[in-house]
Amino acid sequence: GEGFQGTHEKRIKVLAGDLRKSHLGLDDAAYRSLASKVEAVVHSAANVRHVGPYDEFYQDNVISTERLLRFSLTGKKKDFHYISTMGVCSGEIENKDYMLFNEYSPHVGQQPENVYLKSKLEAEQKVEDYRKKGLNTSIYRVGILVFHSQSGRFQENIEENAFYTSIRSLITLGMVPLGYEPAEFSFIDWTARAIALLITGKNLVNQTFHINNPHLLDWSRLQAFLEHSGIKIYVVKLDQFLDFLLQGLEKGKYTKEI
């Protein structure tokens with residue numbers, strides 16, 4: 001917002017690094033200087049696409065996390081705060097029909113449904129490994145992040161946000177299958193404030209936190225909001241929805257939406 005730069009520019013120093021490179025892409029002097037001064041690392045950088053070669057996600061989300069963990073043990077020991085996703089709590093578990101998964105549950109062999117979630121789960125395991133080495137680490141699993149609650153500002157690469165693209169697809173199709181799951185919106189400013197409060201709280205180290213909106217948005221409410229904005233979406237049976245998609249594909253339509 002207005003006035004941010006003038007208020008904070010003396011407190012913020014930006015370094016052009018690269019988490020894919022050793023020493024975080026910094027020269028030795030800069031790396032050593034940071035290692036001796038920094039007290040805490042908040043790691044929120046990630047490749048958040050949901051499709052692509054797994055090696056890219058592994059490099060961006062797993063190896064980069066381990067580089068920052070090593071940095072946190074170099075020089076002055078630093079508290080490490082890892083921003084993860086509630087999505088790591090999903091996936092198939094062998095010989096299990098269902099399971100209650102909470103902040104205190106260990107990884108139970110779940111197999112996430114896409115490469116992004118798989119890489120975030122592996123990164124969490126790296127964080128836990130370093131916790132055993134004596135590093136104070138905390139994990140913050142966030143929900144489906146959406147726009148700022150007051151300004152409406154959203155991420156620049158909006159087209160790579162899986163939730164946005166799914167909603168856009170339904171709007172383009174003009175229909176949604178009956179039984180479509182309720183949506184969870186976690187406003188980015190509320191989520192950031194919650195994380196900041198937990199990071200600065202006393203005696204909250206070596207914890208895992210679930211940070212998401214407990215109030216789900218039922219599809220009927222979202223549908224009413226869209227209609228109020230002039231966007232009509234019909235609720236149809238699943239077989240009607242699938243037939244509509246099939247007919248569209250045969251005509252070369254809706255390839256992006258599907």
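A residue counts as buried under 20% relative accessible area, as exposed over 50%, and as partly exposed in between. By that scale Lys 126, at 21% relative accessibility, is partly exposed. The model toured here is a predicted one.

**First stop: the parallel strands**

Select strand E1 (residues 40-43) together with strand E2. These two strands run parallel and are joined by 4 bridges. Within this pairing, Val 41 stands opposite Phe 80 of E2. Follow the chain from E1 through H3 to E2; the β-α-β crossover traced in this way is right-handed.

Now keep E2 selected, which spans residues 79-85. This strand is mostly covered, with 6 of its 7 residues buried. Add E3 to the view: E2 and E3 also run parallel, and 6 bridges join them. To find one point of contact, select Ser 84, whose bridge partner in E3 is Arg 141. Displaying H4 along with E2 and E3 completes a β-α-β unit, which is right-handed.

**Second stop: a salt bridge between buried residues**

Remain at Arg 141 and show its side chain. Which residue meets the side chain of Arg 141 in a salt bridge? The partner is Glu 124, at a distance of 2.8 Å from N to O. The two residues belong to distant parts of the chain, 17 residues apart, with Glu 124 in helix H4 (residues 115-132) and Arg 141 in strand E3 (residues 137-142). Are these two side chains buried or exposed? Glu 124 has a relative accessible area of 0% and is therefore buried; Arg 141 is likewise buried, because its value is 1%.

**Third stop: other salt bridges**

Side chains of opposite charge can pair when their charged atoms come close. The structure holds 6 salt bridges, and two others are worth selecting here.

Select Glu 66 and Lys 126, whose side chains meet in a salt bridge of 3.5 Å, N to O. This pair connects helix H3 with helix H4 across 60 residues of chain. Glu 66 counts as buried, because its relative accessibility is 18%, whereas Lys 126, at 21%, is partly exposed.

Next select Arg 20 and Asp 60, which form a salt bridge with their closest N and O atoms 2.5 Å apart. Arg 20 lies in the loop between H1 and H2, while Asp 60 belongs to helix H3 (residues 54-72); the two are 40 residues apart. Arg 20 has a relative accessibility of 40% and so counts as partly exposed.

**Fourth stop: a nonpolar surface patch**

Stay in the loop between helix H1 (4-8) and helix H2 (28-37) and select Val 14. Val 14 is exposed, because its relative accessible area is 72%. Add Phe 4 and Ile 12 to the selection: with Val 14 they make a nonpolar surface patch of about 330 Å².

**Last stop: the nonpolar core**

In soluble globular proteins, nonpolar side chains tend to be buried together. For the largest nonpolar core of this model, select Phe 163, Phe 185, Trp 219, Leu 222 and Phe 241, the residues with the most contacts inside it. The core has 17 residues in total. Which elements each supply at least two of its residues? They are helix H5 (162-173), strand E5 (175-177), helix H7 (219-228) and helix H8 (238-250). The largest share, 4 residues, comes from H5.

Terms used. Residues are numbered from 1 along each chain as its sequence is written. This is a predicted model: local features need pLDDT of at least 70, side-chain atom pairs count only at pLDDT 80 or more; totals for chains, interfaces and linings use all residues. Side-chain values use heavy atoms; hydrogens and water are left out. Patches are made of residues with over 30% relative accessible area and no salt bridge: like charges are joined within 9 Å, nonpolar side chains (Val, Leu, Ile, Met, Phe, Trp, Tyr) within 5 Å. Accessible areas come from the Shrake-Rupley method with a 1.4 Å probe; for residues, only the protein chains shown count as cover. A salt bridge is a side-chain nitrogen of Lys or Arg within 4 Å of a carboxyl oxygen of Asp or Glu. Buried means under 20% relative accessible area, exposed over 50%, partly exposed in between (1.4 Å probe, protein chains only). Two strands pair if DSSP finds at least two bridges between them. A crossover is right-handed if, with the strands pointing away from the viewer, the path from the first strand over the helix to the second runs clockwise. A nonpolar core is a set of buried Ala, Val, Leu, Ile, Met, Phe, Trp, Tyr and Cys residues joined through side-chain atoms within 4.5 Å.
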